[in-house]
Amino acid sequence: MARWGNDGVMVSQPCNLVYPFSTAVSRRALARVELIVLAVVGVLLLSLLTPALGVVRQEMRHASCVNNLSLFGRGMHCYAMEHEGWLPGVNTSGLRVSTTVGIAGMLDHPEVPVQTYDWMTPVLSYVEKLPANRAQRFWHLWYKYRCPQQTETAIVAPYFMGFPSDDYDEFVELAEAEPWPACSYLMSAHFSWWGRDYEDYVLGPHLANPSYLIRAFVASDNWETVNYDYVSRLDQVGPPDRKLFVADGTRYISAGRIIDFNPSPDPRLYGVGVFGAFASSGAWWAGSTTYGVGGGTTYDGYPVTINSPSQGYNLSISYRHRTCGSGPASTSNHRPGRPGVGDDFTGSAQDNYGCINAVMFDGHVTTLDDRESRNPVLWYPTGTIVNENVTPGETMTTLLPGSVIP
């Protein structure tokens, strides 16, 4: 703005118009815009990085699981070396349990298996001194050596309240303090049982009742396979690089999708739970509680006629790693092999995009997708025969009755 001075000369005056935004206000507004831009960029970067971070977490869990399995393999070889080639299992290390069941305090020793099927205590006794108390040792095995990708919990099976042991309440008390973790790893029972020629073979007498003889446990003659002369020695399993010692797996999963476990020292005493809490059928049998599938699954061009009790819900819990397979990426770390959420999961093998890790009898660890895990060679000793009563649909791949597993 200007005015005329007294001498007739125009004099300039500073403009005093009020601008809508002062310089200071403008700077504050710019700072806000910058913050908003930075926040947006941060959100975008986070959205890009989150899947990658999820993959990194799964890879770390996978590596931890592999380390556990590698440790089990080394422990198994130590056990075999010290026991003339015998493998831990129901007919070998389990004898220390079956001959002393019901005798107070006999199972409270850090090197005594917690159950006849317990292979973990024998192989991990070379690594650390385990708790002496049976219930606490059972917990330690499942909790410390839990697969990081295994987030499920289990309940103590209520139908075993009458088993001949005085420590059932201790299992329940541990569950009241913290839920029991579900088992992470299982051994194929077919490498623990002996052939049918040993059905009447006496392993030893019960210490408190010598008239009660402990006989070798063999598979039923009407199951999917039959073996006659196998005994659980490392040199009898077959090619050690093709036979599976221990693999990822969780059982028992009921039709109501409840996971429980049998804490009995010797499950054979009841004629149920013949796999115990540390063993399982293999993935070749379609009805496996661990690796079985839901009804309606088609495999190798024919429909599967036997399904797992949980209709394949077990697949996402046992095949819990997302390190292989060609299916869509998981939307949840909780169930990495699950293609859907809730009851829309069909439990069919076609939708199983998860994997299992396994340690072979030669000690190397491998990762198997659904297709690879269905190979019967993995789960049975060499010389095992496909039962004559097996029909297409009871097993996951075509193998004619009478065929011999190499």
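1. A residue counts as buried when its relative accessible area is under 20%, as exposed when that area is over 50%, and as partly exposed in between. By that criterion, 49% of the 406 residues of the protein are buried. The model is a predicted one, and the points below should be read with that in mind.

2. On the overall architecture, the secondary structure of the protein comes to 7 helices and 16 strands. Among contacts between residues at least 6 apart in sequence, 71% join residues at least 24 apart. A search of the whole structure finds 6 salt bridges, and three of the pairs are taken up in the points on salt bridges below.

3. Helix H4, which spans residues 134-144, deserves the closest reading. The helix is mostly covered, with 8 of its 11 residues buried, namely Arg134, Ala135, Arg137, Phe138, Trp139, His140, Leu141 and Trp142. The elements that cover these buried residues include helix H3 (120-124), helix H5 (168-177), strand E4 (180-181) and strand E10. At the start of H4, a side-chain oxygen of Asn133 comes to within 3.1 Å of the backbone nitrogen of Ala135.

4. Arg137, also in helix H4, is a residue that I would ask the reader to inspect. What does Arg137, buried as it is, have as its nearest side chain of opposite charge? That side chain belongs to Asp108 and is 5.3 Å away, and Arg137 has no salt bridge; the pair falls outside the criterion because a salt bridge requires a side-chain nitrogen of Lys or Arg within 4 Å of a carboxyl oxygen of Asp or Glu. A polar atom of the Arg137 side chain does, however, lie 2.9 Å from the backbone oxygen of Leu107. Beyond its neighbours within four places in sequence, Arg137 is in contact with a list of residues that includes Leu107, His109, Pro110, Val112, Thr121 and Leu130.

5. Arg134, in contrast to Arg137, has a salt-bridge partner: Arg134 pairs with Asp167, with the closest N and O atoms 2.8 Å apart. This pair links distant parts of the chain, since Arg134 belongs to helix H4 whereas Asp167 sits in the loop between strand E3 (153-156) and H5, 33 residues apart. Both partners are buried, because the relative accessibility is 0% for Arg134 and 6% for Asp167.

6. A second salt bridge of H4 joins the side chains of Lys144 and Glu128, at 3.3 Å from N to O. Here too the pair links distant parts of the chain, with Lys144 in helix H4 and Glu128 in the loop between H3 and H4, 16 residues apart. Lys144 has a relative accessible area of 46% and is therefore partly exposed, while Glu128, with 18%, is buried.

7. A further salt bridge is formed by the side chains of Glu199 and Arg196, at 3.0 Å from N to O. Glu199 is partly exposed, with a relative accessible area of 38%, whereas Arg196 is buried, with a relative accessible area of 18%.

8. Tyr143, another residue of helix H4, is partly exposed, because its relative accessibility is 42%. Residues up to four places away in sequence aside, Tyr143 touches Glu178 and Pro181. The C-alpha atoms of Tyr143 and Pro181 are separated by 6.3 Å, although their positions lie 38 residues apart in the sense of separation along the chain.

9. Some backbone geometry merits a check. Most residues other than glycine have a negative phi, and most peptide bonds are trans. The peptide bond from Arg251 to Tyr252 is cis, with omega near 0°, and Tyr252 is found in the loop between strand E9 (244-248) and strand E10 (260-261). Arg257, in the loop between E9 and E10, has a positive phi near 65°, and counts as partly exposed at 30% relative accessibility. Glu84, in the loop between helix H1 (23-82) and helix H2 (95-98), has a positive phi of about 55° although it is not a glycine; Glu84 is exposed, with a relative accessible area of 63%.

10. Finally, on internal space, the structure holds 3 cavities of 30 Å³ or more. The largest cavity has a volume of about 110 Å³ and is lined by 13 residues, of which His190, Trp193, Trp194, Ala219 and Asn227 lie nearest its centre.

Terms used: Residues numbered from 1 in each chain as written. Predicted model: local features only at pLDDT ≥ 70, side-chain atom pairs only at ≥ 80, totals over all residues. Heavy atoms only, no water. Helix = DSSP H or I, 4+ residues; strand = E, 2+ residues; numbered from the N terminus. Buried < 20%, exposed > 50% of the residue type's maximum accessible area, 1.4 Å probe, protein only. Contact = heavy atoms within 4.5 Å. Lys, Arg positive; Asp, Glu negative; His and termini not counted. Polar contact = N/O pair within 3.5 Å; in protein donor to acceptor, adjacent residues only side chain to side chain. 1 Å grid on protein atoms, 1.4 Å probe; cavity = no way out; pocket = protein on both sides within 12 Å on 5 of 7 lines; lining within 4 Å. Points joined across faces, edges and corners; volume = space filled by probe spheres on them.
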